[in-house]
6 protein chains.
Amino acid sequence: MPDEDKKTKQPRSHDPRSHDPRSHDPSSHDPRSQDPRSHDPRSHDPRSHDLGVLTHSDGAGGARMVDVGSKQHSTRYARAVATVRLSAKGVEVLAQKKAEKGNVLATAQLAGIMAAKRTSELIPLCHSLPLSQVALSLELDESKASVTIEARCRTFAQTGVEMEALTAVAVAGLTVYDMLKSVDRAMRITDIRLLEKSGGASGSWNLD
Amino acid sequence: MPDEDKKTKQPRSHDPRSHDPRSHDPSSHDPRSQDPRSHDPRSHDPRSHDLGVLTHSDGAGGARMVDVGSKQHSTRYARAVATVRLSAKGVEVLAQKKAEKGNVLATAQLAGIMAAKRTSELIPLCHSLPLSQVALSLELDESKASVTIEARCRTFAQTGVEMEALTAVAVAGLTVYDMLKSVDRAMRITDIRLLEKSGGASGSWNLD
Amino acid sequence: MPDEDKKTKQPRSHDPRSHDPRSHDPSSHDPRSQDPRSHDPRSHDPRSHDLGVLTHSDGAGGARMVDVGSKQHSTRYARAVATVRLSAKGVEVLAQKKAEKGNVLATAQLAGIMAAKRTSELIPLCHSLPLSQVALSLELDESKASVTIEARCRTFAQTGVEMEALTAVAVAGLTVYDMLKSVDRAMRITDIRLLEKSGGASGSWNLD
Amino acid sequence: MPDEDKKTKQPRSHDPRSHDPRSHDPSSHDPRSQDPRSHDPRSHDPRSHDLGVLTHSDGAGGARMVDVGSKQHSTRYARAVATVRLSAKGVEVLAQKKAEKGNVLATAQLAGIMAAKRTSELIPLCHSLPLSQVALSLELDESKASVTIEARCRTFAQTGVEMEALTAVAVAGLTVYDMLKSVDRAMRITDIRLLEKSGGASGSWNLD
Amino acid sequence: MPDEDKKTKQPRSHDPRSHDPRSHDPSSHDPRSQDPRSHDPRSHDPRSHDLGVLTHSDGAGGARMVDVGSKQHSTRYARAVATVRLSAKGVEVLAQKKAEKGNVLATAQLAGIMAAKRTSELIPLCHSLPLSQVALSLELDESKASVTIEARCRTFAQTGVEMEALTAVAVAGLTVYDMLKSVDRAMRITDIRLLEKSGGASGSWNLD
Amino acid sequence: MPDEDKKTKQPRSHDPRSHDPRSHDPSSHDPRSQDPRSHDPRSHDPRSHDLGVLTHSDGAGGARMVDVGSKQHSTRYARAVATVRLSAKGVEVLAQKKAEKGNVLATAQLAGIMAAKRTSELIPLCHSLPLSQVALSLELDESKASVTIEARCRTFAQTGVEMEALTAVAVAGLTVYDMLKSVDRAMRITDIRLLEKSGGASGSWNLD
């Protein structure tokens, strides 16, 4: 993407600091950025579609919370999953003790829901947004010796909820580990991934 | 205070719900548990060695934060790892753009360290403890198209730091996802697991 | 994505646990729920008017954060109160020491305001929302040996602020206890209740 | 209430400290307070036994976190209770729907445990301490149309855990309200009080 | 809306409590305040333009979170700066060790961004709002032996982001101190100030 | 322990990674570091006295929370100050309105105390520790048109409380700004600095 490179190199070629590869200045020097109705050119939507550039990076080794002020509010949805692989012992305990199974899954379910609400505190460059729904399901699959965790998050906001859904399943998985670790230290939390997202300029996406 | 003891013992001994698998009473029925020098029998170390019972469960479908008051303070250590699997595109960006790679890995490293300190807020039944060390390493392995994350935590406390190490690598992995998701939505965070722990009554443990 | 739907519907239709009251799957089985424009049928407004069902429950023993995405944004208001009952000693200290009374009530007032902003972190299934106002009043009533606490909260959101108002008075009451406990351990925080709410589909409500 | 107005207007106008520019200075001017081995004279144990003075007050209208540095580490225990009064409708739902009852009580139990760990964030002058145990029990008493909540907390620290136990039952009660409010808005959380404490210089105490 | 203004101005001029120096009651007892469409007269915009009155004060020694419910949603922008003054030793370390300089500035940059998101938890009467952008720049100026920190925040909300920008630079400055304190304890964080703000009824403002 | 010291000094001098500017691995690969009784050589006290190296840096561009596990528990004390410079207008409001002055200073005092308790959440590489005392004083100096803020913190821990004292005065200063900004936007928070510290291996230090 030579054009984009030139675009960003020129203003910076007049920036004395632009020769310091460790400059931590993510800000635009475009005077319009003083104007609340304009936005930092470096954080415009086009950037997020230029696959060669990371939206959370200022292109100079610095981090920033990308400006979503120019994005439309819309309903955003994301679904993520994770799998906790258990030992035979862990499966046995959950399969035979209904009360303890209920306790383990209910505790992990709440931990995931509560973590989703705090995603922006955990992920440094995540925007905080008001979740309109967080739903978590946990299922023990004895044949696969695993617990499958699925989270579905929704919001009406200017940015997506992928990180909220991924954080929910990750923390729910960590909680399953915590609840079972006295009988099984070798559990693995695995395959944390986004299954689908929709809403926003980038539209819908599904993992194939 | 015998009166008070009688007062509380009587209803209990007739409490049918004490056999109800849905009772949410994790409390000891041992009158000595009114005495701060004794502890809830259900949470004694032996419990954690009775592999058929989960220490975070009261055996009746309820959750509790296990009493570690009877455990010795000792140096506790844990090491955990996670792997983030990238697409070719994600690898390409990190491999070719040194500044962005540095930014992604440094941001994830800090996110993991900060998350370790907040583990007890995220994992419902985790004890809070003063971490004496949190060290995270992140390495890109181009040949395997993955980023490997390792966390090592230490404390001097009455309980272990497995959850802190696991939370650190999980949140660091989520942050790598957040930093790269504009170029790669299909990343997977996988194989979050404990490699070793030491310290405490249960001694050392290694994943073989 | 018919394939994906079949993939997920089949195991479900054979899943005995889908009839298990301990199943922790709050998700809709309606394939449309994969569609962000639809919502989990279990969380539609009608649910919240079906008094036989708890909106925070999936009807199968699991918890969820109800989907408010289909609700209208409107101004929501709630007013809650609590009373702290003091001993004669506690009243005497507050009545005679003006500076300490000011300190106790001002500290509790701020604690309540700050707690209202964190309600969604404390109450597992509460939505986070931007409070447009939090006002707390605290008054010592010497004749009744009590401190009365009233909170009024407002927002413009898709869900109400009852929990914010109740959390504010509860934490303010706990703070009064903390400030006075060196002279009075037998205080009771009592009659925490909602006095009125307005806004939203369910309209206005007053405690009679 | 004109009486109350008169009552409260007078003392203020005579409060000398209201003209004291240092009225918010909780610090000792004793030069020894520069010495880490000494402590603010205003915060010594004797203070907490001088029933006429609030340990969290500097005696001049200011607040402070009392210095517990001179107190002994010891096992501290506290037990607190709260009662949630339900309408007939609320009782009916919990009594007839076992799955929902389990969900409501389990969610409130976890909320209370998690809140206990965050007490020092909520109560402005509370010290943070490492809880060695938090146990919550919740019981539905249909005959009394109420849910009784009891929390027992333990630590090994320089200060007590009364506030942790009280915070746990208060937040568990708020969570019961949140879970049931769609069927019962008139619930009251009442009689939040300390039943007993032990450990520390002030020794054991029981509510009679 | 002149009508609404008249409505709310009248009760204020007759409000006896506005002269009560002791009341901790920031609330209006005007029955119309039960109506979500009206607002606490004491918290109307006119107040914030009456320079003799603090909007966060109820005029009677009490604090409150001002009601912004009647303000327009608009794009709000703020820019703040801070300077960390270093010793010769601190400058030398940063100037000579590129890797450590990068680490110090990158860590402080992230700390500032994350702190901006938590401003409403730190500043008691601050409203929480969804930041659409947080950008921090940090620059070492060897000639002045200082690090200059600038933050720019944006939101679309009913209230401004001055406190978010000021909190970001303050916490970034504290982090620079923390990172360098092993070589320089005499650093000073200084000149934390707002450079400009725009958006909202009070319009744009620049520091001259 | 001279042996241990020798043991740890050797591998460092041969560590190839210490020359890799891209390594984000703060950990020693010395197999003995798997042993909880040893510690990461890079984090030993000697490091913190080697003025050429930052203890929070791994010497290779990465951050880490330094291992304090080998330090002695001792009473640690720190005192920090900050100054808020006001305009004539701001001074006038505080000087003439006693109730508002009390409200502003009391709110800032509590905000500073509460922030001190959360320092380790704000400063990425700060250890969390149990504060035994936090005392803040705020004084209006009309002649200098400023508010002076002083914080004194104490703990019994393995690391110092400088950051807690500095965070307390910084957040108190930000709160003064927030409370007065409706009458004075040009305030500056300045001269945030450590006045003294004591306790720990590095002993006492005073700003001269």
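1. Polar contacts between chains A and B. In this predicted model, 17 residue pairs are in polar contact across the interface of chain A and chain B, both partners being at pLDDT 80 or more. On the side of chain A that touches chain B, at least two residues each come from α3 (88-96), α4 (98-117), α5 (119-122), α6 (162-180) and β4 (188-198) of chain A. Helix α6(A) has the largest share of that side, 12 residues. By class, the residues on that side of chain A are 31 nonpolar, 15 polar and 13 charged.

2. Extent of the A and B interface. Chain A brings 59 residues to the contact and chain B brings 60 residues. Together the two chains bury about 5,000 Å², and carbon and sulfur atoms give 63% of this area. Of the area that chain A buries against chain B, 14% is supplied by A:Leu54, A:Leu174 and A:Arg185, more than by any other three residues.

3. Salt bridges between chains A and B. The interface of chain A and chain B holds 6 salt bridges. One of them links A:Arg185 to B:Glu162, with 3.7 Å between the closest N and O atoms. A:Arg185 thus appears twice in this note, as a salt-bridge partner and among the three residues that supply 14% of the area buried by chain A against chain B.

4. Strand pairing from chain A to chain B. β4(A) pairs with strand β4 (residues 188-198) of chain B in the antiparallel sense, over 2 bridges. Within this pairing, A:Ile189 has B:Ile192 of β4(B) opposite.

5. A residue inside chain B. B:Ala106 lies in helix α4 (residues 98-117) of chain B. Is B:Ala106 buried or exposed? B:Ala106 counts as buried because its relative accessibility is 18%, and the cut-off for buried is under 20%. In sequence B:Ala106 and B:Ala170 are separated by 64 residues, and their C-alpha atoms are 15 Å apart in space.

6. Extent of the C and D interface. Chains C and D also meet, with 65 residues of chain C and 66 residues of chain D in the contact. The area buried between chain D and chain C is about 5,400 Å², with 62% of it on carbon and sulfur atoms. Three residues, D:Leu54, D:Leu174 and D:Arg185, supply 13% of what chain D buries against chain C, and no other three residues supply more.

7. Polar links between chains C and D. The count here is 6 salt bridges. In one of them C:Arg185 is joined to D:Glu162, and the closest N and O atoms are 3.7 Å apart. Residue pairs in polar contact between chain D and chain C, both at pLDDT 80 or more, number 17. The side of chain D that touches chain C draws at least two residues from each of α1 (2-13), α3 (88-96), α4 (98-117), α5 (119-122), α6 (162-180) and β4 of chain D. Helix α6(D) gives the most to that side, 12 residues. That side of chain D divides into 33 nonpolar, 16 polar and 17 charged residues.

8. Strand pairing from chain C to chain D. Strand β4 (residues 188-198) of chain D pairs antiparallel with β4(C), and 2 bridges join them. Which residue of β4(D) is the bridge partner of C:Ile189? The partner is D:Ile192. The other way round, C:Ile192 has D:Ile189 as its bridge partner in β4(D).

9. β4(C) within its own chain. Strand β4 (residues 188-198) of chain C has 9 of its 11 residues buried, so by the under 20% cut-off the strand is mostly covered. Strand β1 (residues 74-85) of chain C runs antiparallel to β4(C), and 8 bridges join the two. C:Val81 has C:Arg193 of β4(C) as its bridge partner. In general, side chains in a regular strand alternate between the two faces of the sheet.

10. The hairpin that follows. β4(C) also pairs antiparallel with strand β5 (residues 205-206) of chain C, over 2 bridges. In this pairing C:Lys197 faces C:Trp205 of β5(C). Between the two strands of the hairpin there are 6 residues, and C:Gly199 takes a positive phi near 95°.

Methods
Residues numbered from 1 in each chain as written. Chains lettered and ligands numbered in written order. Predicted model: local features only at pLDDT ≥ 70, side-chain atom pairs only at ≥ 80, totals over all residues. Heavy atoms only, no water. Buried < 20%, exposed > 50% of the residue type's maximum accessible area, 1.4 Å probe, protein only. Helix = DSSP H or I, 4+ residues; strand = E, 2+ residues; numbered from the N terminus. Pairing = 2+ DSSP bridges. Contact = heavy atoms within 4.5 Å. Buried area = accessible area lost by both parts, 1.4 Å probe. Salt bridge = Lys/Arg side-chain N within 4 Å of Asp/Glu carboxyl O. Polar contact = N/O pair within 3.5 Å; in protein donor to acceptor, adjacent residues only side chain to side chain. Nonpolar A, V, L, I, M, F, W, Y, C, P; charged D, E, K, R; others polar.
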